[in-house]
Number of protein chains: 2
Amino acid sequence: MVYPAHMGTEQANTRDRLITSAARLFRQKGYHGTGLAEILAESHAPKGSLYHHFPAGKSDLALVAADWVSQGMLEIIDASFADAADFAEGATTFCHKLAKLFDLNDSWQSCPISTILFDGPDNGAFRTHANTILTNWIKRTSLHARELGLEKADADAAAELLLITIQGAWTLARARASSEVIRRIPRHLYG
Amino acid sequence: MVYPAHMGTEQANTRDRLITSAARLFRQKGYHGTGLAEILAESHAPKGSLYHHFPAGKSDLALVAADWVSQGMLEIIDASFADAADFAEGATTFCHKLAKLFDLNDSWQSCPISTILFDGPDNGAFRTHANTILTNWIKRTSLHARELGLEKADADAAAELLLITIQGAWTLARARASSEVIRRIPRHLYG
DNA sequence: GCATACCTAGACCGAATGGTCTAGATGGTA
DNA sequence: TACCATCTAGACCATTCGGTCTAGGTATGC
């Protein structure tokens, strides 16, 4: 799981426990595949708390959980490119970090966003939200690319290609139950 | 939708109608997001027929539907590389065909396999099945690559990269509700 | 002390879920 | 005609679903 720095592992409050449990379960079993009862059980929260913190219920929680995961991903992107000499090096670090993350979680979790968001109840809002999150990842990556010397157009293209590839590789990795494909990306793209 | 050549558009029998409806709905709303009632209504079949043709019920149907979609994809791969002068040309045709397919269906369907299979009831069997299907696609693509002159290792790598990229691009295309990303793949990889 | 806002707690509900079961229609064969 | 396998038909069932509602606890301010 992606743990953003702003949320430690200590016993969190009810709201945070709901978010992390929901994020984990949605990634593992999908939105419709996860029941409220399961989320409630894992986060040791009663139903009343859920509907207090997330008045719109399940869909509300899913959106917030996706944001939380997204935040973690942005932090990983930043950490990967922070000390990189060029874009390829940063991208390589990025892939390795993700592969490690994949292995850490019994290698089953879906790409952070797609499963959470692609079968939401209301296609419109969920799709838009997923789009925003993915776009943010690409934008952030492109920003690092520019800082490492690429022209705007090249940076955008490199960032889009990298994230698309990671997205697809993550899917294949899950099907194969192996992070190998993710680790192979740098060789594919820059080798 | 991917329509394999072996199944025309004329009024098919109950079993085939169940498969096509299930495939469409699972791709649109996911496995758990689609109810049996919905599939039954769309295919104008009673419950008895479903459990006659697919004794194991929903999961059985999902597996067969995935196979059917997979068959269609293999035919598209073959058609794309049949008259290609080199691998890049075949891959370009492949991407264009998929983009057209994406546009044809109100641009919402998920990548053929991932959504159908990633939130199945039994992780083991479903994951394995998805893996088999994806591997078949890559194998078939690699075969065409070899016929077009690539060495075995290069062919495998090129096929894996292409299919990974398509997988990811399809996801992003769905989030953006636009097939543009899919069309851009050839420029990214071979341009 | 009291009051107030915030949060927890879980009983309860109608609707929808996947799945089972029996009855009947249908077509081929003798 | 009788017979039999194949398939259609849908009533029916237990369970689970997401969501509502009321009541109780708890912290903070006066």
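**View 1. The relation between chain B and chain A in the predicted model.** A turn of 180 degrees and a shift of 0.0 Å along the axis lay chain B on chain A with an RMSD of 0.0 Å. That is the relation of a two-fold axis. Superposition is by least squares on C-alpha atoms of residues with pLDDT of at least 70 in both copies. Gly168(B) is the residue of chain B closest to the rotation axis, its C-alpha at 1.9 Å. Both copies use the same surface: 100% of the contact residues of chain B (contact: heavy atoms within 4.5 Å) recur in chain A.

**View 2. Phosphate contacts of chain A with DNA strand D.** Polar contacts here are pairs of N or O atoms within 3.5 Å. Polar backbone atoms of two residues reach phosphate oxygens of strand D: Leu36(A) at 2.6 Å and Thr34(A) at 3.2 Å. Tyr51(A) uses a side-chain N or O atom, 2.8 Å from a phosphate oxygen.

**View 3. The protein surface near DNA strand D.** A residue is near the strand if one of its heavy atoms lies within 4 Å of it. Of the 14 residues around strand D, those that come nearest are Leu36(A), Lys47(A), Tyr51(A), Lys58(A) and Thr14(B). α3(B) gives the most to this surface, with 5 residues. Helices are DSSP runs (H or I, at least four residues), numbered from the N terminus. Of the strand D atoms within 4 Å of the protein, 49% belong to sugar or phosphate and the rest to bases.

**Conventions.** Residues are numbered from 1 along each chain as its sequence is written, and chains are lettered from A in the order written. Local features need pLDDT of at least 70, side-chain atom pairs count only at pLDDT 80 or more, totals for chains, interfaces and linings use all residues, and side-chain values use heavy atoms, without hydrogens and water.

Key: Polar contact = N/O pair within 3.5 Å; in protein donor to acceptor, adjacent residues only side chain to side chain. Helix = DSSP H or I, 4+ residues; strand = E, 2+ residues; numbered from the N terminus.
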